[in-house]
Amino acid sequence: MSLDKATVARIAALARIRVAEEDLDGLARELSNIMGWIEQLNAVDTEGVPPMSRAADQKLRWREDKVTDGGIPEKVLANAPAAKDGFFTVPKVIE
Amino acid sequence: MAAAALTDLTIAEARDGLLAKEFSARELVEAHLKAMEAGRGLNAFLTETPERALAGAEEADTRIAAGEARALEGVPLGIKDLFCTEGVATTAASRILEGFTPPYESTVTRNLWDAGAVMLGKTNLDEFAMGSSNTTSHFGPVENPWRRKGDNRPLVPGGSSGGSAAAVAAHLCPGAMATDTGGSIRQPAAFCGVVGLKPTYGRCSRYGIVAFASSLDQAGPITRTVRDGAILLRSMAGFDARDSTSVQREVPDFEAALARPLKGLKVGVPKEYRVDGMDPEIDALWQKGIEWLEDAGLEAVEIGLPHTQYALPAYYILAPAEASSNLARYDGVRYGHRAEGGSELLDMYEVTRGEGFGAEVRRRIMIGTYVLSAGYYDAYYLKAQKVRTLIARDFAAAFNQVDVILTPTAPGAAFAIGEKEDDPISMYLNDVFTVPASLAGLPGISVPAGTDGDGLPLGLQLVAPSFDEETMIAAAAAIEARAGFDGGGATAAGGGA
């Protein structure tokens, strides 16, 4: 699997990671190498095999539907790079 | 007791000495704080918390005097900087968590403090626990306290829990918390000549541990003896309603398991782990390990784990996929680093993440994003999940035949800082023997078992069925007793002094 520059730029945009134009070629090479190595999985016959999504053989627990946390806005906002009047603040969004 | 001797104590010895009032918790903690200061060249600690440690020691001495000592009263520990510690900076060794001070405590560390343990500081690691050499840390690499004979080049401590392993090996602390996603407890333990125990997935709560790959992440101890690992695990483990995958199950007395009889048990030796071009020294040590276990009364049986070679590529789909989702939260809004000058929201996200994450983390997020993207999900992610099922089935079939499995921990000894940096895949291969058990959610332990021709430590790994850490611990103790490994080659002075 070879990833071209355009694909890498698209992945970077999906991942919300700014990659400089001059770094795209190098990254495309690295990611292509890794994906090429991963291709060996195609040799495994997985016909009829169920996917495994959790390590422990268990079902998710139920719990009572009640509030167990909250009422701590100061703690929630304590680490915000920018906050005002009890809200997180972000740069303006223009569509 | 002299300060130097206090840093040579194991956790069991420290615990017993404190109770017998041979020394105070204050003396014990002060000795370790002094060792940490002398060992700063290793870069094993990112944050030192001496005031907190001394306050904890004082409380411990009061409780011991009052006859109210808890299981780990006064025992000083290093904590991997992936565990959130209330009021103490937590970085995950990443620039993107710059300035983050958790307003809450992880369950595992909470359990340790409730048992009387004392925090010395937060240990260095690979950024977001992604790495096998501790060289991806934003705060610089950790040096392994071991050196090759006649060669003073600094070596890596392994990773991702490199700071924890180096600190324990150099006697800066008698034990440390670590986490393991694909080998991050066991591989650095092997590289530094210490014991690294990864419990069964679900045994320890993941609440408050900075997430990497949630279906794989598991906390465990790094210590200098198997007994100490058992002691720490007992206090760390237990059900926690705040982790949806925490398992509701009694926590056994793991220390008592050391005395379990092994006679009549079977140890499996997987033929697929004898990989092409295997280092003959590692192969020889593995053979010795088999003989030691036979001497302890186990019967060695060759087993097959036919999908072993596919574990690593499957892991490098699953772990980055989960990471790309988990690390989406670092967007410069709620905590940590925010880039200057982003004039619009999307721009701010992209610049923040582009400059906040290091190269390896960016690479893994992008692989994860790619394999989960439209049109590729079935071909990569779903395929890897199916391969994971086959790997888990391999182990399940093997454990119908045997009680525990013995393998080398890593394909080689510690390498020099800067080596294997050009090719990500050669770095990934460090975890070839540890990843399969991680995918299956099984407990594993690395025990220091010998040294190579350069005088560097090598480890052997034991893997047990789910929630049978006790058999694994008993077998590990049998290897430890017979290997007679000498950890004296590790010195804090090795680092930059």
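Which strands of chain B does helix 6 of chain B lie across? Good morning, colleagues. I shall answer that question shortly, and I note at the outset that this is a predicted model.

Helix 6 of chain B, residues 162-169, lies across six elements named here one by one: strand 1, strand 2 (76-80), strand 3 (118-123), strand 4 (175-180), strand 5 and strand 6 of chain B. With respect to strand 4 of chain B, helix 6 runs at about 155 degrees.

Let us turn to the sheet itself. In chain B, 11 strands form an open sheet with mixed pairing, and their order is 1-3-2-4-6-5-10-11-9-7-8. At the edges stand strand 1 (45-48) and strand 8 (299-303) of chain B; each has a single partner strand, so one side of each is left without a neighbour in the sheet. On average, neighbouring strands of this sheet are turned by 30 degrees against each other, direction ignored.

One pairing may serve as an example. Strand 5 (residues 195-198) and strand 6 (residues 218-223) of chain B run antiparallel and are joined by 2 bridges. Within strand 6 of chain B, B:I222 is the bridge partner of B:G196.

Finally, I come to the interface. Here 54 residues of chain B are in contact with 40 residues of chain A. On the chain B side, the elements that give two or more residues are helix 10 (311-326), helix 11 (345-356), helix 12 (359-372), helix 13 (378-398) and helix 14 (424-428). Helix 13 of chain B gives the most, with 10 residues. By class, the side of chain B that touches chain A comprises 28 nonpolar, 16 polar and 10 charged residues. Thank you for your attention.

Definitions and conventions
Residues are numbered from 1 along each chain as its sequence is written. Chains are lettered from A and ligands numbered from 1 in the order in which they are written. This is a predicted model: local features need pLDDT of at least 70, side-chain atom pairs count only at pLDDT 80 or more; totals for chains, interfaces and linings use all residues. Two residues are in contact if their C-beta atoms, placed from the backbone, lie within 7 Å. Helices (H or I, at least four residues) and strands (E, at least two) are DSSP runs, numbered from the N terminus. Ala, Val, Leu, Ile, Met, Phe, Trp, Tyr, Cys and Pro count as nonpolar, Asp, Glu, Lys and Arg as charged, and the others, Gly among them, as polar. Two strands pair if DSSP finds at least two bridges between them. Axes are lines fitted to C-alpha atoms, for helices over the stretch in contact, and angles run from 0 to 180 degrees between N-to-C directions.
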